[in-house]
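User: Please take a close look at one part of this model and then set it against a contrasting site. I would like the cut-offs behind each term as you go.

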Amino acid sequence: MPESGSSEIRGACGGLEAAPAAGVRRPGTGLPVHLLLAAWLGLVFLVGNWFPLRATDLWCHVGYGHWILDHRALPERDPFCPLATVTPLVDTAWLSQVVFALVERAGGVEWISHVFALVLVTTHAVLARTFYLQSQRVAVALAGSVMTVVVGWSRIATVRPENFAALAMAVLLWIVVSTETEGPSGDRPRRWRWRLAIGVPLVMLLWANLHGSFACGLAVLGCCFVGRAVEAAWAAKRGGIAQALAASGTDPAVRRWLVACLAGAAATLVNPYGVRLWLSALSFAGNENLRGVAEWMPMTIVGPGGRSFALSWLVLLVALRHSRRPVPVAHALMLALFSVAAVSSVRMIVWYAPVFAVAVVPHAADLWRRWLPKGPVEGYRPNPLWRVAVWVLVGWIAFAVAPISSGLLGREPRRLERLLGPSTPVALTRHLRVHPPPGPVFHPQWWGDWLAREGITPFITSNIHLVPPEVWRDYTQVASGLSGWQQIVDRHGIQTLILDRAEQGVLIAAAARSGRWQPAYEDSQAVMFVRRPAPPPKSPDGGAGRLGP
């Protein structure tokens, strides 16, 4: 960091020292690295396109999107689950839901998978560009993208509105880094500063209507502002506290980040709910029903995301130990904030992953420059036409192999079982279409959204935060087959039990033993029981009553 008398304070959000001359390259190293990066992004797209559309909250969001399009309004209560109609609904993902519904109406269910793959690869392409701006090296950008996938892998495979929010996070980090990154001569291009004034509010406006995680974007902006203010004050510390505070308040970059924070926060209020969206997003994690849900529970080393989180901190500590670059205050703040969030709730790993990569990439670039010195050849650059040809060729290969090209290349589309994956009860669904079950129905919570899509009134869906706590307790007691489950289903008037053979073996055995339920359907995945008819009343003489004379 420059001394207090210096006219330039290093950027708080990843600004680099003057980059080495771009023309200094080892012969033949440019094109293979570009090929590797192109192949990596092609693999991300290919894998994303082959991910199945599992029986998750995706179908709740798709159903909400269709409801919004049909009614031209946002639902005030859950329109599909009768037991959830008491709690007012703040639909924090309404725009994502509309996108999902429009995609399905235009291209069918398979196009939801295609859009997911396109959003996923765009997210990682933007992140790779961000890492390149920090390092000026394609290899380091590739490594940063790989680290992001490895750390956030536990959340990548699920299709949901969170995917659009991840893209918004990537774009926001790109704006932050590109605004603060110094050019080869040590300056910060003024033409990039418009991104703070226009790009930040636009990204935050869209993010607030796509997903309720927009608070993560505001946290990034807040860390950048505080980090820059602390660095400005520290640079002027020799003049005393008053001068340090004055320097912090008059520094142009501090003012820019303050305006960006305020503009971003104001943009999030442009939504159908106004400030209610903030209140809902802030209070959501405190909902009593979420305490027992795996993705909202604290992280453990052997649980989802635990090992990758620990590995990320090991990589970070090694990089900081050997790197000569100082750690920007903003990076330290973001790492601390998002690390605590990830440890507190497993699902926050998806936001921690790109923040971790942004923090570690500058140090990886420093180690690369010192440990892998370049050769003496000056002025070498791979032919740009070759780079374009490589990207086009790799992109075409990924497109041709992925399911998205089936229609264009005349291949048969994926079978429904392959598209929806083994977790979706496809065979059960076919049976229910021919033999509708008597209701009300009790079922696994994770199948509720899918069953609602098939026209069955669900007992509970993925929107467990909308049902009263006593209903959630009833569900968990019955689903686990605990003592008293029969009284609970009697109280709710349940006529059909649809159960997951892999997850609800205790309840399946209890229902089979009870004598009050008879099997109506079973396959390798699901078992269905219907309530046995009540025995006819006995006549006064002890015999069974009969109808007619």
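Analyst: **A nonpolar surface patch and a buried aspartate**

Helices α16 (384-401) and α17 (406-409), both DSSP runs of H or I with at least four residues, each supply at least two residues of the nonpolar patch. This is a predicted model, in which local features need pLDDT of at least 70, side-chain atom pairs count only at pLDDT 80 or more, and totals for chains, interfaces and linings use all residues. Residues are numbered from 1 along each chain, and side-chain values use heavy atoms, without hydrogens or water.

The patch on the surface consists of Trp 50, Leu 393, Trp 396, Ile 397, Val 401, Leu 408 and Leu 409, which together have about 700 Å² of accessible area (Shrake-Rupley, 1.4 Å probe; members have over 30% relative accessible area and no salt bridge, and nonpolar side chains are joined within 5 Å). The most is given by α16, with four residues. Ile 397, for its part, is found in helix α16, and with a relative accessible area of 46% Ile 397 counts as partly exposed, the class between buried (under 20%) and exposed (over 50%).

Asp 366, which lies in helix α15 (residues 349-371), offers the contrast, for its relative accessible area is 10% and Asp 366 is therefore buried. Leaving aside residues up to four places away in sequence, Asp 366 touches Ser 323, Arg 324 and Arg 325, where touching means heavy atoms within 4.5 Å. The C-alpha atom of Asp 366 is separated by 9.1 Å from that of His 322, although these two residues are 44 residues apart along the chain.

Conventions. Buried < 20%, exposed > 50% of the residue type's maximum accessible area, 1.4 Å probe, protein only. Patch = residues over 30% accessible without salt bridge, like charges linked within 9 Å, V, L, I, M, F, W, Y side chains within 5 Å. Salt bridge = Lys/Arg side-chain N within 4 Å of Asp/Glu carboxyl O.
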